[in-house]
Amino acid sequence: MKLLGSGTSPYVRRTRLLLGDTDYEFASLDIYGADRDELRQHNPALKIPMLIDGEHSIYDSRVIARYLSEKMGMESLSWAQENQLTLIDAANDSMVTVALSKRSGLDTGNEIDFYALQHERIARSIDALSEMAADGVFDAWHYPSMCLFCLVDWAEMRSLFDFSSHHPLLDLRERFADRPMIAETDPRKAL
Ligand SMILES: N[C@@H](CCC(=O)N[C@@H](CS)C(=O)NCC(=O)O)C(=O)O
């Protein structure tokens with residue numbers, strides 16, 4: 001198997017955490033620069049991660065997780081866990097939108113409707129996830145916990161959200177800091 005990704009993407013990191021010590025090749029691409037052509041060749045959606053496994057090309061971290069869970073005989077997610085992933089992805093996608101906009105020199109403040117909507121989605125999703133974390137939903141190290149860990153750690157690194165009033169999420173990050181592959185996949189190492 002070959003995983004196309006980057007060392008900074010939270011979506012790629014969650015896939016690497018799920019793969020754990022499985023034997024696979026990791027290609028870290030500069031998707032906005034030198035390696036964009038390679039991405040164009042493999043994924044018309046122009047997003048990472050994507051997984052190549054023999055004749056299968058699988059796009060999107062969520063679909064890759066389903067593919068791997070079937071292949072590796074892992075337990076499938078419950079509907080409640082699917083909803084947790086939807087909230088994590090909603091916050092993550094909006095944060096990526098804000099980050100890319102900032103990188104493009106755009107003003108991402110609340111006075112612009114489009115960005116006010118992103119900030120509201122981020123805030124509400126994070127509030128809900130924080131309440132779930134306080135209720136123990138992410139106490140075990142399963143795929144939704146991996147995704148939430150990657151989101152919180154990446155958002156902190158990029159200063160995209162202030163988690164100081166969301167202690168359950170800061171606690172989660174601390175609790176899982178020593179899990180397998182966390183240090184190896186730290187996005188700060190790829191900056
Ligand atoms: N739903 C996708 C989102 C992946 C995604 O947004 N990846 C970012 C990197 S963090 C990306 O490839 N962005 C490229 C772009 O938006 O142009 C997934 O779960 O894999």
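**Cysteines and a ligand in a predicted model**

Mentor: This is a predicted model, and the structure holds zero disulfides.

Trainee: What makes Cys147 a cysteine that is in no disulfide?

Mentor: The nearest cysteine sulfur to that of Cys147 belongs to Cys150 and is 6.6 Å away, whereas a disulfide is a pair of cysteine sulfur atoms within 2.5 Å, so Cys147 is in no disulfide. Seen from the other side, Cys150 is likewise in no disulfide, with the sulfur of Cys147 as its nearest cysteine sulfur at 6.6 Å.

Trainee: Why is Cys147 called buried or exposed, whichever applies?

Mentor: Cys147 has a relative accessible area of 1%, and because buried means under 20% relative accessible area, Cys147 is called buried. Cys150 also counts as buried, at 1% relative accessibility.

Trainee: Turning to the ligand, what makes the approach of Asp60 to the ligand a polar contact?

Mentor: A polar side-chain atom of Asp60 lies 2.9 Å from a nitrogen atom of the ligand, and since a polar contact is a pair of N or O atoms within 3.5 Å, this pair meets the cut-off. An N or O atom in the side chain of Ser61 is 2.6 Å from an oxygen atom of the ligand, and for Ile48 a backbone N or O atom lies 2.9 Å from a ligand nitrogen atom. The ligand, which taken alone exposes 510 Å², has 84% of that buried by the protein.

Trainee: Which residues are around the ligand, and how do they divide into nonpolar, polar and charged?

Mentor: The residues around the ligand include Tyr11, Tyr32, Lys47, Ile48, Asp60, Ser61 and Leu100, and the shell divides into eight nonpolar, two polar and two charged residues. Asp and Lys count as charged, so Asp60 and Lys47 belong to the charged group.

Trainee: Where does the ligand sit?

Mentor: The ligand sits in the largest pocket.

Methods: Residues numbered from 1 in each chain as written. Predicted model: local features only at pLDDT ≥ 70, side-chain atom pairs only at ≥ 80, totals over all residues. Heavy atoms only, no water. Near = heavy atom within 4 Å. Polar contact = N/O pair within 3.5 Å; in protein donor to acceptor, adjacent residues only side chain to side chain. Areas by Shrake-Rupley, 256 points an atom, 1.4 Å probe, with all protein chains shown as cover. 1 Å grid on protein atoms, 1.4 Å probe; cavity = no way out; pocket = protein on both sides within 12 Å on 5 of 7 lines; lining within 4 Å. Sits in = over half its atoms within 2 Å of the grid points. Buried < 20%, exposed > 50% of the residue type's maximum accessible area, 1.4 Å probe, protein only.
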